[in-house]
Every structure is written in C-alpha cells, then in structure tokens.
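Biologist: I would like to go through the packing and the surface of this chain. Please take the surface first.

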Amino acid sequence: PIACPATTLSQIYRAIPGWDSINNAADGVLGQDVESRSAFETRRQQSVAANSQGMLASVLGSVLNVAGVSDAYVTENNTSSPITITGVTLVANSIYVCVQGGVDLDVATAILKKKMPGCNYNGTTTVSVTDANPLYNPNFPTYSVKFQRPTPLAIKFAVSIANSASVPADAGAQIQNAIISAFSGGDGGPRARIGSTLFASRYYSTIAVLGSWAQIISVQIGTVTADQNQIVVPINEIPTIAASDIVVTIV
C-alpha cells in the first residue's frame, strides 16, 4: 500500500510503446501487500453468490471475480420512480454497479451475465456486450451495459495526542503510516471502500498500539475538513488517503 497523492506520479518505470507521460490528476487508491484474514473472509462472503443468478449478490460476486477489480458496490431501484442514494440518482427499475479496476468489457460482461432480464442500468460508462450464447447462433444479440467508475474521495484526518518526554521525534510520521496501513486493511481490520461508513474510532487502536507515548486526545475525519466522527462515502466515490491529509498535533 503506497500512497500516491495527486500530481506526484511523473515518471514511467517500465517503457510501454505508445505511453509517453503520466500525471495523476487525483489521489491513487491504496493496494495491499498481503490479504488479511478479515479481508479474505469479506471476499469469500461476497463471492459465494457468484454462481447464482438475478440477485444483487450474484452481480457483486461476478464483478468482484473480474481480473483487476479491487472494489465494487451494487444496489438497485426496484420502484417505478427515480430514487436518490447518497446524492446518486437511480432511474426506475434499475440496477446500479460501481466498480474500481478491471477492463470495461470484462466488467460489463460480468454484469450482463448475472442481472435479471429487463432491468435498466445506471452509470456513465457504457459498453457494448455481445451475448455469445450458442442458442442465438449466428445472430448474437448485442446489449449496451452501463456501470459507474468511482471518483476518488480524499479522506482527511486530524489527530491530537498528549505531549510528554516519551513522544518520539517522528511521532507524526509513525501515526501517518499507521493510519495509511489501517486505511487499506493492513492492520487486519476493514478497509475503506465504496459506499462504506468510515468511523474515526476505527483508527484509535492502530495509533495506540504504537506505544505508551501515543496518548490520544482526539481523532476526527472528514472530506473537506477533518471535524467529524464518521462519514458516509457516496456510492459513486472511492476513499483515498495521503500522508499530507493526516495532520498530527501534539499538545
């Protein structure tokens, strides 16, 4: 899990024909070195319905099995009128899928295979998918499948700890690194995901375990200003983090 804040990527490590430059306009999404037990259990739980058909869990399991997909969120509007969820409007009688990672065609194919017939779509990414079922040979039908790609949502932290003679000179860096690791699930806890609720209290233990010097006064989070105890991530955004967004104050 290496944080890459906006505009910090400027060099290409391995040459690829046709790729000449890079400049990340938004923060990157953290990865993981090793899958924790809780992360594995979450992935197992979300994938068991991949062999079923027509349920939201069926679509989620299918999409999460696509190579390169690191996160996904699936919901629906089963009413005859539009509804709004965390600021995102879903058209009537539709399914909503937000996906981080994976090739567009692979993601769209995974959705088409598992959703119920006649169900409408939502999203800003549209892909033409051909149903290659031999039943239709040679006139294979083609469908326009829509889904959403999440936009990065930078999460800010404000941490305050008590000053003492035992507080190390690099206390700020230690706390920043600990929070970044926990944010991606590196401490064995849940990672920050699309559409999830993030709690400031989630990060108390990861700071406290740094040592007896880490006497926490407060931990708050936010998206514009870190002044809240919890935030709800919209279903069309994915949380990101950078050390520069973690302010540590020793008082």
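Modeller: This is a predicted model. Y136 sits in the loop that links strand 6 (125–130) to strand 7 (142–147).

Biologist: Is Y136 buried, partly exposed or exposed?

Modeller: Buried needs under 20% relative accessible area and exposed needs over 50%. Y136 has 33% relative accessibility, so the residue counts as partly exposed.

Biologist: Which residues make the nonpolar surface patch with Y136?

Modeller: The patch covers about 400 Å². Along with Y136, its makers are L135, F140 and Y143.

Biologist: Turning inward, is V107 buried or exposed?

Modeller: V107 belongs to helix 3 (residues 104–114). Leaving aside neighbours within four places in sequence, V107 is in contact with V66, V69, V99, G101, G102, F147 and R149. Its relative accessibility is 0%, so V107 counts as buried.

Biologist: What distance separates the C-alpha atoms of V107 and G68?

Modeller: Along the chain, V107 and G68 are 39 residues apart. Their C-alpha atoms are separated by 9.8 Å.

Biologist: Which helix gives the most to the largest nonpolar core?

Modeller: That core has 26 residues, and F157, I179, F183, L198 and I241 have the most contacts inside it. Strand 9 (156–161), helix 4 (171–183) and strand 11 (216–222) each supply at least two of its residues. With six residues, the largest contribution is from helix 4.

Biologist: How many residues does the second, separate core have?

Modeller: Its members include V59, V74, V99 and F147. The count for this second core is 21 residues.

Note on methods
Residues are numbered from 1 along each chain as its sequence is written. This is a predicted model: local features need pLDDT of at least 70, side-chain atom pairs count only at pLDDT 80 or more; totals for chains, interfaces and linings use all residues. Side-chain values use heavy atoms; hydrogens and water are left out. A nonpolar core is a set of buried Ala, Val, Leu, Ile, Met, Phe, Trp, Tyr and Cys residues joined through side-chain atoms within 4.5 Å. Buried means under 20% relative accessible area, exposed over 50%, partly exposed in between (1.4 Å probe, protein chains only). Helices (H or I, at least four residues) and strands (E, at least two) are DSSP runs, numbered from the N terminus. Patches are made of residues with over 30% relative accessible area and no salt bridge: like charges are joined within 9 Å, nonpolar side chains (Val, Leu, Ile, Met, Phe, Trp, Tyr) within 5 Å. Accessible areas come from the Shrake-Rupley method with a 1.4 Å probe; for residues, only the protein chains shown count as cover. A salt bridge is a side-chain nitrogen of Lys or Arg within 4 Å of a carboxyl oxygen of Asp or Glu. Contact means heavy atoms within 4.5 Å.
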